[in-house]
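Visitor: Could you take me slowly through one part of this model? I would like a close look at the charged side chains that pair up.

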Amino acid sequence: MSHEDVLRAELTVLRQQHRDLDDAIAALEQGPLPDMLQIRRLKKQKLALKDRIGRIEDELTPDIIA
């Protein structure tokens, strides 16, 4: 496997984790007494995943010098 293949596989996993966190946050928010601390922690994890996804996408996208 090339480095690019490894990054693409990691990107797939990270995107799935991001969606799972999104679902978990939505489920917590729908509850009768939402645990705001837990929701805040999950949102922070989701943001960290988004940052990692962005870095990997930047690494996979070649820079085009115009």
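Guide: Let us begin with Arg 52, which counts as partly exposed because its relative accessibility is 36%, a value between the 20% and 50% cut-offs. In this predicted model, Arg 52 forms a salt bridge with Glu 10, and the closest N and O atoms of the two are 3.3 Å apart. Since Arg 52 lies in helix 2 (residues 36-60) and Glu 10 in helix 1, the pair ties together parts that are 42 residues apart in sequence. Glu 10 is likewise partly exposed, with a relative accessible area of 31%.

A second link of this kind joins Glu 29 and Lys 43, whose side chains meet in a salt bridge at 3.6 Å, N to O. Here Glu 29 belongs to helix 1 and Lys 43 to helix 2, so this pair ties together parts that are 14 residues apart in sequence. Glu 29, at 39% relative accessibility, counts as partly exposed, and Lys 43 is partly exposed too, with a relative accessible area of 43%.

Now turn to a pair within one helix: Arg 8 forms a salt bridge with Glu 4, the closest N and O atoms being 2.9 Å apart. Both Arg 8 and Glu 4 lie in helix 1 (residues 3-30), where they are 4 residues apart, about one turn of the helix. Arg 8 has a relative accessible area of 42% and is partly exposed, while Glu 4, at 40% relative accessibility, also counts as partly exposed. The pairs described here are among the 5 salt bridges that a search of the whole structure finds.

Terms used: Residues numbered from 1 in each chain as written. Predicted model: local features only at pLDDT ≥ 70, side-chain atom pairs only at ≥ 80, totals over all residues. Heavy atoms only, no water. Salt bridge = Lys/Arg side-chain N within 4 Å of Asp/Glu carboxyl O. Helix = DSSP H or I, 4+ residues; strand = E, 2+ residues; numbered from the N terminus. Buried < 20%, exposed > 50% of the residue type's maximum accessible area, 1.4 Å probe, protein only.
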